[in-house]
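Trainee: I'd like to take one part of this structure and go through it slowly with you. Could you start there and then lead me outward to the rest?

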Amino acid sequence: LPQASPGAAVSSGGNTRLVVTGCQNPTVGSIVRGEYAVYAENHGRAVYRRHQQAAVTAPNGGVSMLDVLVYFWDERDGPSFCGWWFGPKVGGDQVWAYCPDQTLTPPATMWRVPYDGPMDGSLAVKILADGATEEQRAYQQPPQYQQQPQQHHGFQQPGLEHDWGQQQLDESERQRLQLEAERRRQEEELQRQQAEAEARRAQQEAAERLRLQQEAERIRIVAEQQQRREEMRRRAEMERHQQEEMRRHQEEMRREQERRRLEEVERRRREEEQRRVEQTAAVAIRKVIQQLRLCDDVTFPEVHGQLEQIMEQEGPACGSIRERVTEEAKQAINQTSERLQTEREQKAAEEKRRREQEELVAGLLKELTDLVNVAEAKVERFRLKATPLLEATNGEAVPESEEFKQACADVVEARVSAKDGCKACTDFLVSNRSRVEEASVTLEETRSLLVPLQRRVHEALREVISRARAADDAVDRARRRHQAERIIQGRDAVFKRYDRDQDGAWSCKEIQAYAKGEFSFDVPVATVDRLLELHGDAGGKGIAREHYPKVKLAVGIAREEAASKMRKEERERQERELQQRKAALRDQLGTSASAVEVCEQSITGAETIMQQMPEAVRRALNASADATAVQENSLPAVELQRCVAQLDEVVAGARTKLQAARNELSSSTNQVPADADNEELREFLETELKSLSGRTDSADVRLTRLVQSLDSLRNLAIHKDLAELDRVRVELANAMRNRMRSAGQSLEELFAAADTNNDGIVSEADLVEHLKNEPEPFNGTLDSSCLRRVFAELAEGDACGLSVSDFPGLVRAYYRVCKQTTLTEGAQIKESKTVRRIEEGEIFEVHEESFLDEKSKVMRVRGCAVKDGAMGYISLAGNQGTKFLEPAEKLVKVVQCVDLTRSFALNSEPPLRQLKEGELLQIIKWESKEPASGMMRMKVRANNDSLIGWVTAADAEGTTFVKPN
């Protein structure tokens, strides 16, 4: 616990008083400054209350007078709540200042204002006890209070010097100055003693730490075992004490909760009883209110009286809801009065509207009756006009006569007039139907008057339609009869024109003359003979007048046969020309077809080569180039690269031939005549071109499939090559870390041991020689090409080996965070402070081999985050099997065009080349921040041309240029 302040020496009982001064916060200072006296007791400490209440501004703008208390609160609600508080209520939510000291009396200083703010050194608490001398009180008062007497006595009347009062003042001033000097001397002595004690304690602690370090170094192995056992025992004892303390605390909490629960149950029971009484009275009143809401003009006064009576009887029993129930009764009375008034007004308005509608309907029916009478008169006139026309057309009426035309005109005019009259009635009904239907109060009466009028309108319209149809039919019959007579007369005239001998029959020559004269057609003699044979008379004169239509039909048939023969000859001629042109076009398209066939043969050959590849390669083509496929494929990277080269050569040849076929097809298409006017010829050209284009498209699809297979095989070869290279890296890293652990060497000492010729550079030969030596000879196989690539990737510039700065890349392993976790300062999870949270996707550099945390039962490793270099320990996986780290894949993809540079630093030297979007890169050194620009840079190798350099993974604004593949 903190040491008590000097003012805490006074007992907390009796008539101890406090004086609070200072405080930089004007609002809090005006509240807490003043004199306090013992008021009560809380948690074993005295509670002090200010003599005057404080004026505090409320949230609504008003001013409230509150007590100001100084009280102590223990650790029952947690260590953060333990200490001395300024507030209006003991344990309340509103506080003004807080000090975490646990002294018996309020501390003199170290108060936080407000309670969660900074420490206010000006706020001071002084303790006064009754019986203290004036000098002690003056000693305890702050400077501003001590200056007041001096200022008061500083005024003197002119002419009064060295009197008795002045001597008393000088004596008092001298005593005060002595007391002040004594107090300052005591404070300086106390500060000097505290400083000396602090210096001695610091020296003792430094000497003790040095001794403990030397002792721990001398007996490190034994001490670690004893310390581990002692730690386990201490923790078990601590856990036992904590469990007992927790059980006691839980028991106290349980008793307190039970007490609060019983109090809460009793309070709720009383509230429920009161609520039940209030609800019963409210229900009785609300029943009458509901009756009031449903009453009419007749029952309203009676129900209103019942409501006033029930309010007098049950109103006092409503308790807390009496005001609400009274307000509901007032609202019900007002609403009912308004409703009844509205109903009365609506009834008056409805009656007025009904009278208006009756007047409106009566006027509409009268107007409709007049329209119907007019329409019936017009229909009657139309009937009278149409009757003479119908009677005239039954006889020998002549359609061309003036009398007939005048009768038709009169009928048409009367019909139009009658239709207009009927239409006026129907239009009136349609336009006024909505107005009539709105008069719902008189709807039945209106319908009884409207239906007969509608029937009369329909009958008039039906009469007009039937009479008009009969008149039209009569006129049409007369005109058709007259037209038939004219046709017969015309045929008689034609027959007489070519009956040159006027014998009433056509001979062979007369028939031929008829065909020549009327149709300009030479009828065949066989056709004429056949007509004479079938239709000639027995006397041999020829074909009589009544067979004239048959002669005309026979001549027409003969004309059609002759025209059909000519059309057939023309069609045969055109067919011969079309076949000749098709043959010519086939010859023009033959070169394109040959080119397409050569392309198809080339692609077929490529597919055959693909099928003849090893079974392992074909299986790899059907699998994605991921880690699983790389692990399952047993072929080495060299074999996969050979297959890629062979397939790449074949696919390149097939692609060239396909392009040649497309060019030849385009050239042939341009040579075909563009003015082919024959539809069939155009269809033939489109069919041939579509066939060749379809074959090229099919070849393109097959070639695309081959290219995809080639890309998959190339990616698999890249991943396999990376996997083999990573295997060598991992084996080397494990071997080097094992040597560091077994020999107890640091990274610099390991570098010095590997540098066998002491030239400051570890070459390939140095590393191989170092791995063969004790204490742990390397048992793996080192491929010279892989080792050479590892050294070439890690070495900077033109160095022939690894320098001290490059050597850590050979020892350390890299993992990718696959699930969010924490980085801790120490190896033990529960006892270590968290450095920061490691986000998913970050890269973690492992410096040492993993080890098992005995308490948490998880594997832990030490290293640093590549993002910001934060050092610490992290778990490989949780105790439930959740993986936090996995080996980082060293293949990334360019997502935005970015420059590949020679060095890590960004300078003015030209880039090696620009990396295009979609390119794959192998990571050599993981990203780190470039100090000048703040960009994250990594060393990579481009898969396209194996060029090695540095690339920006992300700029300072967060723009990403490369992402995991």
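Which residues are buried in helix α11 (residues 525-535)?

Mentor: Keep in mind that this is a predicted model. In α11, the buried residues are Val528, Leu531 and His535. Look down the axis of α11 and those buried residues fall within an arc of 60°, so they line one face of the helix. Here's the general rule behind that: an α-helix has 3.6 residues a turn, so residues three or four places apart point the same way. Now turn to the other side of α11, where Ala526 and Glu533 are exposed. Buried here means under 20% relative accessible area, and exposed means over 50%.

Step back along the chain into the loop between α10 and α11, and you'll find Ser520. Check its backbone: Ser520 has a positive phi of about 55°, although it is not a glycine. Ser520 is also exposed, with a relative accessible area of 60%.

On the other side of that loop is α10, and there's a salt bridge to look at there. Glu518 pairs with Arg497, with 3.1 Å between the closest N and O atoms. This pair links distant parts of the chain: Arg497 belongs to helix α9 (residues 443-498) and Glu518 to helix α10 (residues 508-519), 21 residues apart. Glu518 counts as partly exposed, at 35% relative accessibility.

Set that against two salt bridges inside helix α7. The side chains of Arg339 and Glu343 meet at 3.0 Å, N to O. Arg339 and Glu343 are four residues apart in helix α7 (residues 322-393), so about one helical turn separates them. Both ends are partly exposed: Arg339 has 27% relative accessibility, and Glu343 has a relative accessible area of 31%. Further along, Arg353 forms a salt bridge with Glu350, and the closest N and O atoms are 2.8 Å apart. Those two sit three residues apart in α7, so again the separation is about one helical turn. Arg353 is partly exposed at 36%, and so is Glu350 at 35%.

If you want a case with several partners, try Glu180, Arg183, Arg184 and Glu187, which are linked in a network of salt bridges. Across the whole structure, the count of salt bridges is 58. The general background is simple: side chains of opposite charge can pair when their charged atoms come close.

Charge isn't the whole story on the surface, though. Ile219, Ile221 and Val222 form a nonpolar surface patch, and together they have about 250 Å² of accessible area. Val222 lies in helix α5 (residues 220-294). Val222 itself is partly exposed, with a relative accessible area of 47%.

Ser520 also has a counterpart for its backbone angle. His43, in the loop between β2 (34-42) and β3 (45-50), has a phi near 55°, a positive value in a residue other than glycine. For another backbone feature, go to Val113 and Pro114: a cis peptide bond joins them, with omega at about -10°. Pro114 is placed in the loop between β9 (111-112) and β10 (119-120).

After the two sides of α11, it's worth seeing how a strand splits into faces. Strand β4 (residues 54-57) has Ala54 and Val56 on a covered face, while Ala55 and Thr57 are on an uncovered one. The general pattern is that in a regular strand the side chains alternate between the two faces of the sheet. The partner of β4 is strand β5 (residues 63-66); the two run antiparallel and are joined by four bridges. To find your bearings in that pairing, start from Ala54, which stands opposite Leu66 in β5.

Last stop: five strands form an open sheet in the order β27-β26-β25-β22-β28, with antiparallel pairing. At the edges stand β27 (948-954) and β28 (962-964), each with a single partner strand, so one side of each is left without a neighbour in the sheet. From one strand to the next, the twist averages 50°. Zoom in on one edge and you'll see strand β22 (residues 891-894) pairing with β28 in the antiparallel sense over three bridges. Within that pairing, Val894 has Val962 in β28 as its bridge partner.

So, back to where you came in: α11 has its buried residues, Val528, Leu531 and His535, lining one face of the helix, with Ala526 and Glu533 exposed on the other side.

Key. Residues are numbered from 1 along each chain as its sequence is written. This is a predicted model: local features need pLDDT of at least 70, side-chain atom pairs count only at pLDDT 80 or more; totals for chains, interfaces and linings use all residues. Side-chain values use heavy atoms; hydrogens and water are left out. Buried means under 20% relative accessible area, exposed over 50%, partly exposed in between (1.4 Å probe, protein chains only). Two strands pair if DSSP finds at least two bridges between them. The arc is that of the directions from the helix axis to the C-beta atoms. Patches are made of residues with over 30% relative accessible area and no salt bridge: like charges are joined within 9 Å, nonpolar side chains (Val, Leu, Ile, Met, Phe, Trp, Tyr) within 5 Å. Accessible areas come from the Shrake-Rupley method with a 1.4 Å probe; for residues, only the protein chains shown count as cover. A salt bridge is a side-chain nitrogen of Lys or Arg within 4 Å of a carboxyl oxygen of Asp or Glu. Axes are lines fitted to C-alpha atoms, for helices over the stretch in contact, and angles run from 0 to 180 degrees between N-to-C directions.
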